[in-house]
Amino acid sequence: MLGNMTLMEYLSGGRAVAGHRPWPRYVLDERGWLDLIQQLTVCDWTLLGLWADGNEVNAALRDEENAAIAVVSLGCQDRRFPSLAEVRPAAARLERSIRDLFGLIPEGLADSRPWLDHGRWPLSTPLAIVRGVPPMGPVVYPFLPVEGESLHQIAVGPVHAGVIEPGHFRFTCAGETVVRLEERLGYTHKGVESHMAGKTLAEAARLAGRISGDSTVAYAIAFARAAEAATGTEAPPRAHWMRALMAELERLANHILDFGAICNDAAFSFMLAQCTVLREQILAANALCFGHRLLMDKVIPGGVCVDVTREGTVTLRGLVKELRKRTRRLGNLYDDMPSLQDRTVGTGILHAALAHRFGAGGVVGRAASQAGDARKVPGYPPYDDLDFEVPVHPEGDVNARIWQRLDEIQVSLGLVEQILERMPGGPLHKPIPTRGGEGMALVEGFRGDILMWLRLSEVGRVVRCHPRDPSWFQWPLLEAAIEGNIVADFPLCNKSFNCSYSGVDL
Amino acid sequence: MSLARLLFRELLRGPRTIDGPLADPLGIEQLGIALGERVRERLGRSLRIREVDAGSCNGCELEIQAVNGPVYDLERFGIQFVASPRHADVLLVTGPVSINMSEALLRTYVATPSPKWVVAMGDCAVDGGCFAGSYAVLGGVHHALPVDLTIPGCPPTPEKLLSGLLALLDVAAEGGPAAIR
């Protein structure tokens with residue numbers, strides 16, 4: 001039956017799995033999964049994640065009307081499952097990864113090419129219950145065919161000209177204009193999901209903090225919250241506030257550097273120099289107050305392992321004041337530079353409808369009218385207790401993504417001030433009981449919402465952990481945003497998206 | 001605020017670059033002087049570095065960017081990051097060497113003219129770090145290339161990175177690549 005109903009109404013007849021927190025998980029049979037695909041054609045339910053676990057595939061969905069979240073699972077018959085990519089195109093690369101890692105075949109997926117597996121590992125389907133035989137040799141990757149008069153291709157990467165992560169971009173151009181961009185990633189695949197299995201919570205938390213080093217705090221919070229959900233633990237209040245403090249400092253450091261780096265890609269190096277100085281002030285304050293410049297390993301399951309001292313509070317208050325003054329000044333400078341805006345306004349437009357279709361979050365989504373922010377919906381402490389707005393820009397171009405960052409910088413500065421002002425006392429950490437369970441978390445990193453799904457064994461070790469970076473739903477949109485722009489504007493588009501490579505290559 | 005006013009303000013304020021000499025023997029400015037002299041001796045005032053991310057989490061790259069910025073200002077010592085391995089004297093490799101990047105890393109090495117040095121930066125590049133043992137990584141740069149210097153840390157701080165490059169110059173001054181710790 002098709003009709004406009006809520007996600008929870010739709011799933012209410014299904015079989016719920018006990019011990020999945022904080023959102024329910026329902027097991028569907030193949031017929032139920034096919035029905036769900038039909039239902040997805042009429043309902044505004046966003047795909048939050050899609051991952052496999054042994055012989056099972058799981059999809060996390062969010063009902064956009066009432067913000068309800070649920071996970072649905074399908075046990076695969078004959079190692080096959082019906083593909084969601086037709087109704088949720090964001091699923092395509094996730095399904096290709098599931099095929100590469102688990103050997104489960106997404107039926108109906110048009111793209112039969114591998115994604116993470118380049119044919120170089122000493123084995124195939126590394127996460128399948130029965131691992132596959134070693135491959136015959138490196139895959140010759142067939143890029144999508146492009147036909148037309150006077151087209152030429154430009155191949156870039158995996159080693160890029162700058163100090164950035166590796167990936168391959170294949171441009172097809174007519175003169176200066178990009179007709180098609182195709183991305184090929186997977187170069188930084190480290191086998192994170194396989195490596196997580198069997199680890200203790202402490203070991204796995206360390207790994208989670210290194211899935212994408214620029215988002216180490218957000219990933220560590222996501223992992224900790226998933227572990228706390230799985231074991232039914234609640235971190236002490238002060239730990240929540242400390243986590244938010246570090247998360248906002250991380251957001252500030254990244255947004256400020258990105259702002260400078262985008263301007264630098266339009267040859268305005270002055271802005272990058274200024275922003276690098278500001279970023280350095282944040283990292284130096286991090287090292288002084290918390291003992292690590294990037295704040296790695298400071299968030300742990302059960303709480304945090306650092307506190308902010310009275311002197312630290314004074315340092316951070318001074319930092320916020322200075323950053324507010326100087327980022328506003330730099331924002332005004334940007335506003336005052338028509339020659340710079342000539343490059344950014346109207347460049348790399350991401351249409352709101354497409355952003356919505358892919359469930360894109362973060363700066364990329366919000367600069368194209370998508371108001372999603374995991375700090376608000378589903379929300380988690382202490383943000384429900386903090387006063388802040390989520391800015392949104394409708395234009396979807398490079399300029400909008402710059403202003404989005406500038407606005408979010410001001411919001412985060414306000415949050416840091418509130419947190420320092422109102423942080424409650426009490427313990428920083430609560431021990432995690434040794435027990436099994438399944439937990440999920442959604443945490444807002446500087447790129448957008450990070451999903452973390454975790455299953456623990458009875459002895460408290462990781463059985464399966466799936467981290468879903470926000471960039472999964474942003475990378476494909478970059479291919480769309482660059483279309484019809486000139487090659488020389490690609491760095492601007494790419495930097496203004498600033499998707500993670502390590503986070504999606506896993 | 002107009003660009004002219006901002007530039008004027010910066011001009012009056014003076015450089016943001018940390019200057020010394022600092023008490024710490026590994027202090028940036030002291031390091032810089034030593035680095036500068038040795039670079040001049042060996043390579044005529046210039047050392048060119050090509051960075052290769054061989055599966056890093058991006059943490060090391062952030063600190064390399066910091067070293068390139070005005071505060072640490074690597075270029076004042078005659079050291080510069082370049083876009084092509086063909087212009088490089090040094091390959092600075094980060095990450096545990098993901099198998100999917102191993103061929104690209106090797107090709108970058110082959111494209112670098114001799115004499116050349118390889119620096120493994122960060123715990124992952126040294127021995128695989130927390131990714132050691134995974135099916136998808138070689139577990140350290142030494143499994144792919146001859147390594148002349150390791151700079152441990154997760155990620156190494158900008159000071160450590162500068163101090164590591166000084167050690168590299170010691171090796172270079174002795175006349176050729178040699179593995180040191």
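Where in chain A is the place of A:Pro22? It's in the loop between β2 (20-21) and β3 (25-28), and a cis peptide bond joins this proline to A:Arg21. Keep in mind that this is a predicted model. Below is a quick tour of the backbone oddities, one helix pair and the contact between chains A and B.

**Cis peptide bonds**

- The bond between A:Arg21 and A:Pro22 is cis, with omega at about -5°.
- A second cis peptide bond links A:Val377 to A:Pro378, and omega there is about 5°.
- While A:Pro22 sits in a loop, A:Pro378 belongs to helix α13 of chain A, residues 375-379.

**Positive phi outside glycine**

- A:Ala267 isn't a glycine, yet its phi is positive at about 70°.
- You'll find A:Ala267 in the loop between α7 (237-265) and α8 of chain A.
- A:Ala267 counts as exposed, because it has just 9 C-beta neighbours inside 10 Å and the cut-off for exposed is 12 or fewer.
- A:Asn498 is another residue other than glycine with a positive phi, this one near 45°.
- The loop between α16 (490-497) and α17 (502-505) of chain A holds A:Asn498.
- With 24 other C-beta atoms within 10 Å, A:Asn498 is buried, since 20 or more is what that takes.

**Helices α9 and α14 of chain A**

- The axes of α9 (residues 310-335) and α14 (residues 398-422), both in chain A, come within 10 Å and cross at roughly 160°.
- Angles over 145 degrees count as roughly antiparallel, so that's how α9(A) and α14(A) run relative to each other.
- The crossing of α9(A) past α14(A) is left-handed.
- On the α9(A) side, the contact residues include A:Leu316, A:Val320, A:Leu323 and A:Tyr334, along with A:Arg317 and A:Arg324.
- From α14(A), the contact draws on A:Ile402, A:Leu406, A:Ile409, A:Leu413, A:Val416, A:Glu417 and A:Leu420.
- Sorted by class, this helix-helix contact has 10 nonpolar, three polar and three charged residues.

**Where chain A meets chain B**

- Chain A puts 41 residues into the contact, and chain B puts in 40.
- On the side of chain A that touches chain B, α4 (192-196), α5 (201-208), α8 (269-290) and α9 each supply at least two residues.
- The largest share of that side, five residues, is from α8(A).
- By class, the side of chain A that touches chain B comes out at 19 nonpolar, 12 polar and 10 charged residues.
- That puts α9 of chain A in both stories: it crosses α14(A), and it supplies residues to the side touching chain B.

How values were computed:
Residues numbered from 1 in each chain as written. Chains lettered and ligands numbered in written order. Predicted model: local features only at pLDDT ≥ 70, side-chain atom pairs only at ≥ 80, totals over all residues. Axes fitted to C-alpha atoms, helices over the stretch in contact; angles between N-to-C directions. Helix = DSSP H or I, 4+ residues; strand = E, 2+ residues; numbered from the N terminus. Parallel < 35°, antiparallel > 145°, perpendicular 65-115°, else oblique. Left-handed = near helix turned anticlockwise from the far one by under 90°. Contact = placed C-beta atoms within 7 Å. Nonpolar A, V, L, I, M, F, W, Y, C, P; charged D, E, K, R; others polar.
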